[in-house]
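Colleague: Please take one stretch of this chain and look at it closely. Start from a single residue and work outwards.

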Amino acid sequence: MSASARHRRALLTTSVLLTALGTTAVLPAATASAAPTVKAAKATPKPNPAGRYAGKAVAIGKDMVAVLRNDPKAGGPEAWIRAVPAHWRSGDAYMGRTLAKLDRGHVTAAQRGLSLRLTDAKGAKPALRVTGAKGGPRTYALPKVGTPDARGCTVITESFIGAGTVAVLSNGLSGPSAFFKDAGDGTRFAGVVNRAHPSLPKSAGFLAQIVDPNGAAPKLRTNMEGGGHPASTTPFPAPGCVK
């Protein structure tokens with residue numbers, strides 16, 4: 001066993017089993033004089049509030065990311081500038097503190113020594129231009145209208161699962177997916193679980209399995225202790241939009 005794995009096991013002292021709670025409605029017994037049953041109207045799905053702030057996240061330097069969106073129904077091109085940890089990499093969660101927002105009404109901003117400009121905000125090819133970094137000016141094209149990134153379909157969250165390990169969970173049009181990283185330095189290990197491969201192999205050294213990967217409410221089941229201990233269950237975030 002590697003030193004990193006021993007460290008993760010040493011940090012874990014307990015495992016917590018999270019279960020979803022539900023209620024059962026008790027209906028009165030039917031009688032001869034009972035009125036005809038009226039079929040209840042189908043509930044309208046509630047929008048996912050996290051989806052409003054999701055999008056294509058790109059690192060722009062100085063421990064910041066730009067979350068790029070381009071949804072006409074939400075006002076058009078946007079760039080949300082958010083603070084992230086120093087070890088942030090593409091695919092990590094990005095719902096950190098908001099530092100600035102650029103849109104058609106506010107096309108410029110300055111953060112941490114960088115100058116930011118939303119170009120062609122009312123045209124067909126909006127982009128975010130970043131100047132002031134050591135590598136020189138850079139331009140990041142916003143997602144094309146009608147693509148999943150443009151509407152922020154994929155929502156990403158992080159959850160501590162014990163033994164010094166963080167699970168990074170995402171859910172979008174391609175379904176749930178999760179990878180694992182060290183809570184301290186952000187090093188990734190053990191592989192990825194998704195619809196095609198819902199469980200980690202035994203060689204990973206711990207249990208990680210997606211429960212109901214094709215369903216509407218998938219969950220990640222993990223056990224960092226091995227056999228004989230209760231597993232933990234973490235729900236995946238709901239996608240920001242649907243097909």
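Modeller: Lys-62 counts as partly exposed, at 45% relative accessibility. The cut-offs are under 20% relative accessible area for buried, over 50% for exposed, and partly exposed in between (1.4 Å probe, protein chains only). This is a predicted model, where local features need pLDDT of at least 70 and side-chain atom pairs 80 or more, while totals for chains, interfaces and linings use all residues. Numbering runs from 1 along each chain as its sequence is written, and side-chain values use heavy atoms, without hydrogens or water.

Lys-62 sits in the loop between β1 and β2. Helices (H or I, at least four residues) and strands (E, at least two) are DSSP runs, numbered from the N terminus. The backbone of Lys-62 stands out: its phi is positive, about 55 degrees, yet this residue is not a glycine.

Step back one place. Gly-61 belongs to strand β1. Gly-61 is also partly exposed, because its relative accessibility is 32%. A residue from elsewhere in the chain comes in here: the C-alpha atom of Arg-112 is 9.2 Å from that of Gly-61, although 51 residues separate them along the chain.

Now go forward. Asp-63, Met-64 and Val-65 have a shared partner, Val-84, which is in contact with each of them and with Tyr-94. That list leaves aside neighbours within four places in sequence, and contact means heavy atoms within 4.5 Å. Val-84 lies in the loop between β3 and β4. Val-84 counts as buried because its relative accessible area is 13%. From Val-84 to Val-65 the C-alpha distance is 6.8 Å, across 19 residues of sequence.

What do β1 and β2 contribute to? Both give two or more residues to the largest nonpolar core, as do β3, β4, β6 and β7. In numbers, these strands are β1 (56-61), β2 (64-71), β3 (76-83), β4 (98-102), β6 (114-119) and β7 (127-131). Such a core is a set of buried Ala, Val, Leu, Ile, Met, Phe, Trp, Tyr and Cys residues joined through side-chain atoms within 4.5 Å. The largest one has 19 residues. Ile-60, Leu-68, Ile-81, Leu-116 and Leu-128 have the most contacts inside that core.

Take Leu-116 as the example. Beyond its neighbours within four places in sequence, Leu-116 touches Ile-60, Ile-81 and Leu-128. Its other partners are Leu-102, Val-107, Thr-108, Ala-109, Arg-129 and Val-130. A separate core of 15 residues lies apart from this one, and Ala-178, Phe-189, Ile-210 and Met-224 are among its members.

Compare Lys-62 with Ala-190. Ala-190 also has a positive phi, about 80 degrees, without being a glycine. Lys-62 is in a loop, whereas Ala-190 lies in strand β12 (residues 188-194). At 28% relative accessibility, Ala-190 is partly exposed too.

Then there is the covalent link. The structure holds one disulfide (a pair of cysteine sulfur atoms within 2.5 Å). Cys-153 and Cys-241 form this bond, with 1.8 Å between their sulfur atoms. The bond joins distant parts of the chain, 88 residues apart. Cys-153 is in the loop between α2 (148-151) and β9 (155-162). Cys-241 is in the segment after β15 (232-235). Buried or exposed, then, for Cys-153? Cys-153 is buried, because its relative accessibility is 3%. Cys-241 is buried as well, with a relative accessible area of 5%.

Leu-173 sits beside this story. The C-alpha atoms of Leu-173 and Cys-153 are 6.8 Å apart, with the two positions 20 residues apart in sequence terms. Leu-173 lies in the loop between β10 and β11. Unlike the buried Cys-153, Leu-173 is partly exposed at 33% relative accessibility.

Last, the whole chain. Its elements are two helices and 15 strands. Of its 243 residues, 37% are buried. Among contacts between residues at least 6 apart in sequence, 41% join residues at least 24 apart. Back at the starting point, Lys-62 is a partly exposed loop residue, and the strand before its loop, β1, helps build the largest nonpolar core.
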